[in-house]
Amino acid sequence: MKLNPIPIPKRLWMFAEQYDIVKVPDLVFKDNDNGQARFRENVIKLQDEVKGWPRSKEQQEQTFFHELVHLAVSMTNKPKLSDDEVFIDSMASLLHQAFATAEYK
Ligand SMILES: [Zn+2]
């Protein structure tokens, strides 16, 4: 099965809030994270591919969906689900697979 590359947006909106998506060079070195959903700053930070820390396009896509699901779930009437990393990662993997395998004609 051929997987579609999924473009990672620069910004998006959920409800009335704008969220910026930024790739940063040092997240993994400073915070030991490949991604962070910063609820109050309205930003998703993603570790960029840098020397000493290879990140495939698919890994970056997976991390983007993971952080997006954190934000989305935190805006629902079950925000505590955002603390459940297994649930968040399952939802992110399913969404990633759906978009990576989507056919448009
Ligand atoms: Zn997480």
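Two strands are said to pair if DSSP finds at least two bridges between them. The exercises below apply this to a predicted model.

**Exercise 1. Determine in which sense E2 pairs with E4, and in which sense it pairs with E1.**

Solution.
- Step 1. Begin with E2 and E4: five bridges link these strands, and the pairing is parallel. One such link can be located at Val-24, whose bridge partner in E4 is Gln-47.
- Step 2. Turn to E1 (residues 11–14) and E2 (residues 17–24): four bridges join them in the antiparallel sense. Within this pairing, Trp-13 stands opposite Gln-18 of E2.
- Step 3. Inspect the connection. Two residues separate E1 from E2 in a hairpin, and Phe-15 in the turn has a positive phi of about 50°.
- Result. E2 is parallel to E4 and antiparallel to E1.

**Exercise 2. Decide whether Trp-13 is buried or exposed.**

Solution.
- Step 1. Locate the residue: Trp-13 belongs to strand E1.
- Step 2. Count its neighbours: 8 other C-beta atoms lie within 10 Å of Trp-13.
- Step 3. Apply the cut-off: a residue with 12 or fewer such atoms is classed as exposed. Trp-13 is therefore exposed.
- Step 4. As a further distance exercise, take Trp-13 and Asn-77: their C-alpha atoms are 18 Å apart in space, with a sequence separation of 64 residues.

**Exercise 3. Identify the residues of the largest nonpolar core and the elements that supply them.**

Solution.
- Step 1. Recall the general tendency: in soluble globular proteins, nonpolar side chains tend to be buried together.
- Step 2. List the members. There are nine: Ala-37, Ile-44, Leu-46, Phe-64, Phe-65, Leu-68, Val-69, Ile-88 and Ala-92.
- Step 3. Assign them to elements. At least two residues come from each of strand E4 (43–47), helix H2 (57–74) and helix H3 (85–100). The most are given by H2, with four residues.
- Step 4. Examine one member: Phe-65 touches Ala-92, Leu-95 and His-96, residues up to four places away in sequence being left out.

**Exercise 4. Explain why the buried residues of H3 lie on the same side of the helix.**

Solution.
- Step 1. Check the geometry: H3 has 16 residues and reaches 22 Å from its first C-alpha to its last, close to the expected 22 Å.
- Step 2. Name the buried residues of H3: Ile-88, Ala-92 and His-96. They share one side of H3 because they cover an arc of only 65° around the axis.
- Step 3. Relate this to helix periodicity: with 3.6 residues a turn in an α-helix, residues three or four places apart point the same way.
- Step 4. Compare the other side of H3, where Val-86, Ser-90, Leu-94 and Ala-98 are exposed. The cover over the buried residues of H3 includes H2.

Note on methods. Residues numbered from 1 in each chain as written. Predicted model: local features only at pLDDT ≥ 70, side-chain atom pairs only at ≥ 80, totals over all residues. Core = buried A, V, L, I, M, F, W, Y, C linked by C-beta atoms within 7 Å. Buried ≥ 20, exposed ≤ 12 C-beta atoms within 10 Å, placed from the backbone. Contact = placed C-beta atoms within 7 Å. Expected span 1.5 Å × (residues − 1). Arc of directions from axis to C-beta.
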